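Morning, everyone. I have one structure to walk you through today. Please look at the screen.

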Amino acid sequence: MTNSQQAAANLHHVHRDDVGARMGMWLFLFTEVLLFGGLFLAYSVYRYDYHEQFRLAAMDLNTGIGTLNTIILLTSSLTVALSIAAMQKNNKFLSMVMLFFTLALALFFMINKYFEWSGHIAEGLYPKSPELLNMKNGEIIFYGLYYVMTGLHGLHVLIGMVVLSFMLFFIAKGKITPENYVKLENAGLYWHLVDLIWIFLFPLFYLIH
């Protein structure tokens with residue numbers, strides 16, 4: 001290679017550290033696991049102390065909506081994985097379609113969550129409401145944890161939707177390619193974590209009576 005060719009190659013060289021990007025994402029996910037792990041630990045301690053009152057409060061939650069949201073998130077995890085696989089196989093169109101379906105499923109999840117929370121609020125079951133404060137301590141703690149943990153999870157879903165929207169934009173603009181898809185891969189990892197957290201939240205609040 002001549003000096004001019006070497007200079008041109010250096011000029012067009014873009015520094016990338018895919019391994020570092022993946023490691024950074026895994027470290028971030030680890031901090032998220034610690035965050036929710038602390039909340040799960042708090043839930044376990046209070047459930048042990050107020051087992052019967054937690055059971056009674058859990059029976060008021062809508063298991064049907066919880067089950068539907070579980071199916072929605074599991075399906076969205078599949079579609080985001082298919083989006084990454086399609087990009088690896090140089091199928092840009094399919095990758096965008098799968099990402100679009102992931103976003104649509106995330107939106108359905110949030111709509112269901114909105115109606116679920118609205119129903120509880122209409123019944124007067126929200127933090128510091130007179131109806132809730134008249135309940136026993138265990139039931140008050142149950143609903144407190146329910147709103148904090150499902151609310152924090154919902155916030156993560158919204159953040160994931162923003163991140164996935166950027167991925168869709170980057171794919172459309174050709175900034176994510178079969179040779180450079182680490183951003184999409186990391187976004188997929190984040191979405192899988194959001195799905196995994198819900199897999200733990202669902203039985204704790206909706207199924208264990």
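I will start with the whole chain, then go to salt bridges, two loops and two buried positions.

One caution up front. This is a predicted model. Every number you hear from me is computed from it.

So, what are the elements? The chain has 8 helices and 0 strands. Read from the N terminus, the order is α-α-α-α-α-α-α-α.

Now the overall dimensions. The C-alpha atoms fill a box of roughly 80 × 30 × 25 Å along the principal axes. The radius of gyration of the chain is 22 Å. For a compact globule of 209 residues you would expect a value near 17 Å. Keep that pair of numbers in mind when you look at the picture.

Next, burial and surface. Of the 209 residues, 41% count as buried. The chain exposes about 11500 Å². Carbon and sulfur atoms supply 70% of that exposed area.

What about contacts along the sequence? Take the contacts with a separation of 6 or more. Residues 24 or more positions apart account for 82% of them.

On to charge. The chain carries 12 positive and 13 negative side chains. The centres of the two sets lie 10 Å apart.

That brings me to the salt bridges. How many does the structure hold? There are 3 salt bridges. Let me take each in turn.

Start with R22 and E185. Their side chains meet in a salt bridge, at 2.5 Å from N to O. R22 sits in helix α2, residues 18-49, and E185 in helix α8, residues 182-207, so this pair ties together parts that are 163 residues apart in sequence. Is R22 buried, partly exposed or exposed? Its relative accessibility is 27%, so R22 counts as partly exposed.

Next, E52 and R55. This salt bridge is 2.7 Å, N to O. Both residues belong to helix α3, residues 51-58. They are 3 residues apart there, so about one helical turn separates them. E52 is partly exposed, with a relative accessible area of 40%. R55 is partly exposed too, at 24%.

Then E116 and K113. Here the side chains meet at 2.8 Å, N to O. Both lie in helix α5, again 3 residues apart, about one turn of the helix. Are these two buried or exposed? Both E116 and K113 are buried.

Now for the loops. Some background on backbone angles. Most residues other than glycine have a negative phi. Two residues here are worth a look on that score.

One is N90. N90 is not a glycine, yet its phi is positive, about 65°. Where is N90 found? It is in the loop between α4, residues 63-88, and α5, residues 92-122. N90 is exposed, with a relative accessible area of 58%.

The other is K128. K128 is not a glycine either, and its phi is positive at about 70°. K128 lies in the loop between α5 and α6, residues 130-133. Its relative accessibility is 74%, so K128 counts as exposed. If you want to find these two on the screen, use α5 as your guide. The N90 loop runs between α4 and α5. The K128 loop runs between α5 and α6.

Last topic: two buried positions.

S95 lies in helix α5. Its relative accessible area is 0%, so S95 is buried. Which residues does S95 touch? Leave out anything up to four places away in sequence. Then the list is S83, A86, M87, I171 and L184. L184 falls within helix α8, residues 182-207. S83 and A86 fall within α4, residues 63-88.

A58 is in helix α3. This residue is buried as well, again with a relative accessible area of 0%. With the same neighbours in sequence left out, A58 touches F142, F205, I208 and H209. One distance to go with that. A58 and S77 are 19 residues apart along the chain, and their C-alpha atoms are separated by 27 Å.

To recap. We have a predicted model with 8 helices and 0 strands. It holds 3 salt bridges, and the one between R22 and E185 links α2 with α8. N90 and K128 each have a positive phi. S95 and A58 are both buried. That is everything from me. Over to you for questions.

How values were computed: Residues are numbered from 1 along each chain as its sequence is written. Side-chain values use heavy atoms; hydrogens and water are left out. Helices (H or I, at least four residues) and strands (E, at least two) are DSSP runs, numbered from the N terminus. The radius of gyration is taken over C-alpha atoms; the globule rule is 2.2 Å times the number of residues to the power 0.38. Buried means under 20% relative accessible area, exposed over 50%, partly exposed in between (1.4 Å probe, protein chains only). Contact means heavy atoms within 4.5 Å. Accessible areas come from the Shrake-Rupley method with a 1.4 Å probe; for residues, only the protein chains shown count as cover. Lys and Arg count as positive and Asp and Glu as negative; His and the chain ends are not counted. The place of a charge is taken as NZ of Lys, CZ of Arg, CG of Asp or CD of Glu. A salt bridge is a side-chain nitrogen of Lys or Arg within 4 Å of a carboxyl oxygen of Asp or Glu.
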